Amino acid sequence: MSKHNMSVTLTWLKTAPGLSIVISIAVAVAATIDAGPYLLVNMVVTGGMLALVATGLTLMLGVLNIPMFAHGEYFMIGSLTAYYIFTPISEFILEHPDSWLVTFGPFIAIIGALIGGAIAGVISEKLVFGPLRRRSTDNWVMNSFLLTVGVSVLLINLHQLIFGADFKGIVGYWQGMPISIADVYVSKDRVMSFLISAVIVALFYLFMTYTRTGMAIRAVSQDITGAEIVGIDIEKIVLLTISLACALAAVAGGSLLFMYPSYPTVGLEPLYMAWFVVILSGLGNILGAVAGAFMVALLKVITMEYVGAGWDFVVPSALIMLILIFKPSGIFGSDVRGVLDK
Amino acid sequence: MLLEVKNLNAGYGYLQILRDVSLHIDKGEYVGIVGPNGAGKSTTMKTIAGLISPMSGSVVFNGEDITGLSGSAVAKKGISFVSEEMNLFVNMTVQENLYMGAYTIKEKHLQNERLEFVFELFPRLAERRKQLAGTMSGGERKMLAIGRGMMSNPSLMLVDEPSFGLAPQLTTSVFASLEVLIKTGVTILLVEQNVTKTLAVTGRGYVLENGKIGLEGKSADLAEDSYVKKVFLGV
Amino acid sequence: MDTTTNDLNMNLFDRVLDKLCLTPIGLAGLILLLILPFIPPFNQEYMLRWLIYCGFIAAMSVGFDFTAGFINIVNFGYMAVAGTGGYTSALLVLNAGLSPWIAMLAGGVSSAILGLVIGMISLRLRGIFAACLSWFFGLAVMGLAIKMVWLTRGPLGLRVPRLFETESNFPFYFLIVILVYLTYLICKWVVRSKMGLAFQAIGQNMDAARTSGIDPVFYRVFNFTMSCAIAGVLGGFYAHFYGILTPDMMHTSKTVEVLAVAYIGGRGSLWGGAVIAFPFIFLMEIVRSTLSHLPGLNLVIYALVLILVMIYYPGGFSYFYDTHIRQPKNRALRYFLNGRDA
Ligand SMILES: Nc1ncnc2c1ncn2[C@@H]1O[C@H](COP(=O)(O)OP(=O)(O)OP(=O)(O)O)[C@@H](O)[C@H]1O
Ligand SMILES: [Mg+2]
């Protein structure tokens, strides 16, 4: 029996996902030993954020066939919302250091970001995607892509117009001493932001796998006519999917406000990193997107460490291009063009 | 009258396919539509199922006007459509596909009852309940599509070409399962290439040609009709 | 006027126009552009600078449309390709002492090579993924320009000798108008030949094109290479006009500007973007300079126009022109708008 398991494991290792996961883990361990554990911490925090943004992107692409170019702007909306919610809270905390808001204030801001993202998503569907879908679905992928390009420019410049171009950041969410994990001191904010993204990704996965609505979303992504036949209200699912996808990006923006202050183009980096992830992991599979998120995060962190800051534009793009050349369906891409499955 | 279709005109975009199609089905009836390829049989089914909105005409189901409702709204009224293309969820297991078929049923125990029923009818599906629909054979998929159509406990089933691409043996078992459904009180509108078979099993039939109803009547009479014999049976 | 319109009856004027891919109205427009800098208020230097920028975007949008409108692939790194040409040209002038005119052509060659590479490696990808790949390529090239400080001076920018040793913008203006027209003419010649049909066949349905004996590999790569070569030369013009070259010109947001103009102008027309660029970009510059206390407003308008066009009029200006303006009852007017049809 164990022999059988061994051979199964071995064949898995030889597949593209197996190989890349093992190599990534090895690289992560080696780099951590060499450069210090902060590298691992950075990777985990960035990876958690990317997992959120990338699952949202996957959702849009898989269910609605919209290649989102504006996804980073929902990240920006999240960080902006969190900023405007948390700034008064932190002033209040300064005056009342014993208030319950010390612990729960940040959660209010982050949940606010989530809700803000969801609302922005609903508005986008009502004003932009819905009208396009009702008018025509010819050449849908390209047209909707161009539409999201417009949305992206619009949101970036509305931010600049209304809130200005300066950095709107906070010192930190949770005060107090850093937490010690195996002799490494990690700030509370980092730990919390990772935990938040882990919990949300896990909840999202369970939602998609086991609930009636989650299954309906997957059904729409696999066969939209089939979904309609069995009585799934497509309009509702579309609206839900967009708001979910945008909320995921926004919550990432909100929980990382302490690292990435909000400014008009803050979403650009999460956007293209999330696209790296989506392409790396092939279309639409949640677990693949999560694994891919951590790989891209590792790639970024390692590039920053060993090649230098700023090269994180170059090295990951080069690597992704290589992957695209040899495996256009991505590392985790399945042959069946189905979306959002294990 | 369970379903009444009156002067239905429908098509794709500006292209009109159906011209003044009228038909009616009583509760518990087993009705067939036959006709050559491209006659508009599938288009008729899709229009009734709400996947195409008609240009004019009306569809009344159970005394209620359902013209122009969306596919999901029609499904909720109790009409289930087994399409020619099957439209299965290829990346879900057989069991998940079946549960999706019962999407309009909220109570879990009712869903499970339906699942038992379908599994009894198609033991093959029960054996393969964990398999992904996309990896099933053509015949198995057809069964799954029909099984999924039954899951919502519909009062009317629209079945488009259930035997297409099936071996004779499987065809027989598919027809047998439809027969079982009729016995449980379900009404069926059947579209089939196999004219002899269709006219043998159904009670009443329509002949559709170039988007128009040419003939209608008792299936037994249609089978004896000289025109039908000449055109479809090559006799 | 003679009503029989066969080839023999076409007089010399019509035949020349036809060879030059112009209609009488097109010729009138071109003449208007050439006398524009003598008409107040356009004779002021700052207005000329704007017009030159309009011309640059116009020419870029023609080259962009040559790919996007025909083989249906959005080259999302188009400005980065142009930047490559610009940098190559600038560096050759600075380090090898070449004349800017020759260097510009060399820039075109370097961009063509880049286009060849992108064209080749994006072959296995379809639509949106090919767009992503060219985008990542663009990001990588921009990253290189930022990081290779020893060569490019990074974000500080290169000081580049100008094409004409004069403070005046006049010669640059005439040059860009000629470049706009040349770009249009070359692209139009190619798409008028039987190659144009092949492009469209590939853009609409690659598999069908392949079964009817069109080799998509050759045509796609050729198309990419040619449009990138155009971008390279234009990038050289950009560098030797502004006299300062920063990696910023390669930014995705610049590509978006070109893309927006090309699509508002009308995809697949080649001339639409060129025609729209002048009034549109010019108006945007006016908005930007007169409402400078509202930064970003011009881009908000920009984005709104793109969104509205994508939803309600995806054919763009050229489609509007073809369906509503082109066929007036009046015969003389019709001749003016269409020329003598061969
Ligand atoms: N999506 C579509 N867009 C445009 N035309 C269509 C579409 N689907 C079907 N048609 C056309 O409508 C006509 C009727 O098609 P339909 O599928 O209803 O025929 P059918 O009677 O079911 O034929 P078959 O026996 O081959 O299934 C055909 O001429 C077909 O080409
Ligand atoms: Mg049919």
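Trainee: How do the axes of α2(C) and α8(C) cross, and at what angle?
Mentor: This is a predicted model, and in it the axes of α2(C) and helix α8 of chain C, residues 170–192, come within 10 Å and cross at roughly 165°.

Trainee: So is α2(C) roughly parallel or roughly antiparallel to α8(C)?
Mentor: Roughly antiparallel, because of that crossing angle. Angles over 145 degrees get that label.

Trainee: And is the crossing left-handed or right-handed?
Mentor: The crossing of α2(C) and α8(C) is right-handed.

Trainee: What about packing between chains A and C, which helices pack there?
Mentor: Take helix α11 of chain A, residues 268–280, and helix α6 of chain C, residues 127–147. They pack at about 130°, with the axes 11 Å apart. That angle is why α11(A) counts as oblique to α6(C).

Trainee: What's the handedness there?
Mentor: Left-handed, for α11(A) passing α6(C).

Trainee: Switching to the backbone: which peptide bond in chain C is cis?
Mentor: The one from C:Pro40 to C:Pro41 is cis, and its omega is near 0°.

Trainee: Where does C:Pro41 sit?
Mentor: In the loop of chain C between α2 (24–35) and α3 (45–68). That α2 is the helix we paired with α8(C).

Trainee: What's up with phi of B:Asn210?
Mentor: Phi of B:Asn210 is near 50°, so to speak a positive value in a residue other than glycine. You'll find B:Asn210 in the loop between β9 (204–209) and β10 (212–218) of chain B.

Trainee: OK, ligand 1. Which residues come nearest?
Mentor: There are 14 residues around ligand 1, and B:Gly38, B:Lys41, B:Ser42, B:Thr43 and B:Gln193 come nearest.

Trainee: Which elements supply that shell?
Mentor: β2 (15–25) and α1 (41–49) of chain B each give at least two residues. The largest share is three residues, from α1(B).

Trainee: How does the shell split by class?
Mentor: Six polar, five nonpolar and three charged residues.

Trainee: How far is the polar side-chain atom of B:Ser42 from an oxygen atom of ligand 1?
Mentor: 2.6 Å. For B:Gln193, an N or O atom in the side chain is 2.7 Å from a ligand 1 oxygen. With B:Ala39 the partner is a backbone N or O atom, 3.2 Å from an oxygen atom of ligand 1.

Trainee: And how much of the accessible area of ligand 1 does the protein cover?
Mentor: On its own, ligand 1 has 630 Å² of accessible area, and the protein covers 62% of that.

Notes. Residues numbered from 1 in each chain as written. Chains lettered and ligands numbered in written order. Predicted model: local features only at pLDDT ≥ 70, side-chain atom pairs only at ≥ 80, totals over all residues. Heavy atoms only, no water. Near = heavy atom within 4 Å. Polar contact = N/O pair within 3.5 Å; in protein donor to acceptor, adjacent residues only side chain to side chain. Areas by Shrake-Rupley, 256 points an atom, 1.4 Å probe, with all protein chains shown as cover. Helix = DSSP H or I, 4+ residues; strand = E, 2+ residues; numbered from the N terminus. Nonpolar A, V, L, I, M, F, W, Y, C, P; charged D, E, K, R; others polar. Axes fitted to C-alpha atoms, helices over the stretch in contact; angles between N-to-C directions. Parallel < 35°, antiparallel > 145°, perpendicular 65-115°, else oblique. Left-handed = near helix turned anticlockwise from the far one by under 90°.
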